[in-house]
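Please open the structure in a viewer and keep the selection panel at hand. The tour below proceeds from one selection to the next.

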Amino acid sequence: MSIYDTLNPEQLKAVKHNRGPLLILAGAGSGKTRVLTHRIAYLIDELGVNPWNILAITFTNKAAKEMRERVDNIVGYGSENIWVSTFHSTCVRILRRYIDRIGYTTNFTIYDSDDQKTLMREVCKYLDIDTKIHKEKSLLAAISNAKDSLITPEEFEKNNRGDYGKKKISDVYKEYQARLKKNNALDFDDLICKTVELLRTNPDVLSYYQNRFRYIMVDEYQDTNTAQFQLIRTLASTVNEEGQTEHNLCVVGDDDQSIYKFRGANIYNILNFETEYPQTKVIKLEQNYRSTKNILTAANEVIHCNTERKQKSLWTDKEEGSPIFFTQFDNEHEEAEAIAADIENAVANEGKSYSQFALLYRTNAQSRVLEEKLVKHNIPYKLVGGVNFYQRKEIKDLLCYLKTIDNISDDLAVKRIINVPRRGIGLTSIDKINQYAIGHNISFYEALKQVDYIPGMNRGGSKISSFVSMMEILKSKLNSPDYSILDLYDEILEATGYVDELEEEGTIEAQTRIENIQEFRNKIVTYLDNCEEEPSLSSFLEEVSLVADIDSVAESTDVVILMTLHSAKGLEFPYVYLCGMEDGIFPSYMTIISDDPMEIEEERRLCYVGITRAMEKLSLSAARMRMQNGETKFNKPSRFVSEIPRYLIKQSSNSLQPRFPRTTTIRGAISNTKTTGQLFQNSPYIQKGMSLPKSESASSPDYTVGDTVKHIKFGNGTVTDLIPSGNDFQVTVAFDNGTVKKMMTSFAKLKKY
Ligand SMILES: Nc1ncnc2c1ncn2[C@@H]1O[C@H](COP(=O)(O)OP(=O)(O)OP(=O)(O)O)[C@@H](O)[C@H]1O
Ligand SMILES: [Mg+2]
């Protein structure tokens, strides 16, 4: 039996089509990637194509590695000569050979985002650009957009003549590009643009590569941007033995899985492929081999709600399988706990292995609570395409502020934050202080306080003094009687301008960092609520270090995979949990308020990607209350859940009936009902399957200052303060056992006497 016997007739047709453009347009799990690998094998083994003539492009390094492995397994010989790589690495290989044709030298440097920022700072300084108005990051983003569309600085200037706002960007773009060139450096976007430029301006180089890459294949084609498309279009043109030009370009993709519009992906690359190449052979694959019937039906139904798509239907001959599980938990901790317990049980009692499970979520910040519960249950896990929560830069920075305030002799912590955010304290100054500290046998922080006595500090001295005064003020808060770690955290953010700086950057990365900073605030609130002893900064830091240090548990490969929905593209897992299925999380709050149907459609495609990762069992979960930015938000279940037919869904016992947003709402009834967050859960209305208004605020609690209340853990106490806090209330209680606690009312669950 040959490897081709495992293909269905349509897949086989695609594998055998070896002349002219080929578009494989098919839904998730229909074997697109598999067709690509088999097509490579077929070209080599059956048609005698030289492996050297094949170029296969994938979206990520991980995908390239997997494809290389799959190809190695099925191709008899010479597979190492096939180029299997990402767009970027393909371009680097071409440029290393020929970039001297366009004025660089072949030992060029590739600038990462930090280098880009440094360069941009220099440019702004040189051009006297006020970076308070024109943020470095936004300028870089604008340049990146231009490059995605192959717009040169000169074209940019021409296109935007008369537009004052764009004039600055245009000047910056020109200068930035000139400096890159002067440094013999390329940024990531240049890798593509410069390759296109090279090929367009050097016919001999172009014809060399056109003749070399006689067969070009591109996976995940729906997420290519304009520059990438132009690159392949330029390359895919070969003159055959009969002297005719051929475009042996095979692209595979799924318009329903286009999820990178925000990074410049151009869905029209796929939708207009046939217009670009009228002789295109289109093959649709309709059989899904990955998922059970129930999972597939759920995915199909959800994606059918999108309007901007090519119609296609996917079927499977797999069995129905288990239903789609949907559970709405009281809060995110219960959600994470249930998932961890579920996995622990399946591994211990059902013979499953950890690596069969994947936990997918919309935003990076959501991993924190999940990670904590996995650690608690001793479940090894790995965050793919991301950094464990407590290893993220912004979290480490803020932890170091807290550590410095807690213990000034933690030199490492102080050194980490002394110039973060940047306050102009240079390495030379830091070095001098370090020497001084060592010479005088004092801590680094003590040395900072004595900066006036350190020789040669010049201007750096005053910057250090203001850093020290800021830290001293923050430290003094510890002694004030009614301070809380939460206030301290907020004051750190305010005094350092940490979040402000990120907000001004206005990039996706900066937004993710802000979400993480908010998530860390949630951690503090939870700590304060659950703390059995008198809360203290030291005990908080100790608690954090317990979870933070276990990040290397996952050395083995048998681990649960955690990742964002974006990074899950192309992968498959037997058991998938989609966490945080709530309006406001997924689709995101920003998408909802944007009121742009196209934005919701992109989120829906992401949901389709998520659902279709599951092979056997799909579990969706939501939390009724979730801490976001230290505030309790009441989110209704995601509209995407309601798009899955009800008959497919099984509610697990600890949740209420599913609440489908399309059913009658009872806004009036809810808002007329004076109730706390706790009572919401027991509301008879909700049990009838009704929906809550989005992010409903908790009404004021039924106790007030002076009342006696009872807490399940701390016993009786007197309310001494009650203040609104976002959608919630912060209550301070002096308990009879002598402790005073600040808690969020919705989590405190206090009962009035
Ligand atoms: N003809 C077939 N017979 C058996 N299994 C198949 C067949 N075609 C594909 N598969 C299996 O189905 C699963 C999905 O295939 P593959 O990953 O190639 O799909 P895909 O279309 O690339 O999915 P995605 O859109 O998620 O990238 C894989 O486990 C693959 O081995
Ligand atoms: Mg694939």
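The stops that follow concern confidence, the ligand, the nonpolar cores and one helix.

**Confidence**

The model is predicted, and colouring by pLDDT is a suitable beginning. The protein has an average pLDDT of 86, and 91% of the residues score at least 70. Next, select residues 655-698, where the pLDDT is below 50; this stretch nevertheless has 84 contacts in the model beyond near neighbours in sequence. Residues 550-555 also stay under 50, with nine contacts beyond four places in sequence. Where pLDDT is low, the predicted coordinates should not be read in detail. For the complex, the predictor reports an ipTM of 0.99 and a pTM of 0.74.

**The ligand**

Select ligand 1 and display the residues around it. Which residues are the closest to ligand 1? They are Gly31, Lys32, Thr33, Arg34 and Tyr289, within a shell of 19 residues. By character, the shell comprises 10 polar, five charged and four nonpolar residues. Select helix H2, residues 32-45, next: with three residues, this helix gives the most to the shell. Then colour domain 1 (9-100 + 194-287) and domain 3 (324-384 + 553-651); because both give residues to the shell, ligand 1 lies between these two domains.

**The largest nonpolar core**

Select Ile24, Ile40, Ala56 and Ile216. Of the 75 residues in the largest nonpolar core, these four touch the most other members. Helix H2 appears again here, for the largest share of this core, seven residues, comes from H2. Domain 1 (9-100 + 194-287) and domain 2 (109-183) both contribute residues, so the core lies between them. To examine one member, centre the view on Ile24: leaving aside residues up to four places away in sequence, Ile24 touches Ala14, Lys32, Val35, Val252, Ile283 and Leu285. Another core, of 62 residues, lies apart from the largest one; its members include Ile295, Ala336, Leu374 and Met581.

**Helix H14**

Finally, select helix H14, residues 293-303. Why is H14 described as largely enclosed by the rest of the structure? The reason is that nine of its 11 residues are buried. Those buried residues are Asn294, Ile295, Leu296, Thr297, Ala298, Ala299, Asn300, Val302 and Ile303. Ile295 in this list was also named as a member of the 62-residue core. To view what covers the buried residues of H14, add strand S11 (324-331), helix H27 (597-611), strand S16 (614-628) and helix H28 (639-642), which are among the covering elements.

Note on methods
Residues numbered from 1 in each chain as written. Chains lettered and ligands numbered in written order. Predicted model: local features only at pLDDT ≥ 70, side-chain atom pairs only at ≥ 80, totals over all residues. Near = placed C-beta within 6 Å. Helix = DSSP H or I, 4+ residues; strand = E, 2+ residues; numbered from the N terminus. Nonpolar A, V, L, I, M, F, W, Y, C, P; charged D, E, K, R; others polar. Domains from an automatic or database assignment. pLDDT = per-residue confidence, 0-100. Contact = placed C-beta atoms within 7 Å. Core = buried A, V, L, I, M, F, W, Y, C linked by C-beta atoms within 7 Å. Buried ≥ 20, exposed ≤ 12 C-beta atoms within 10 Å, placed from the backbone.
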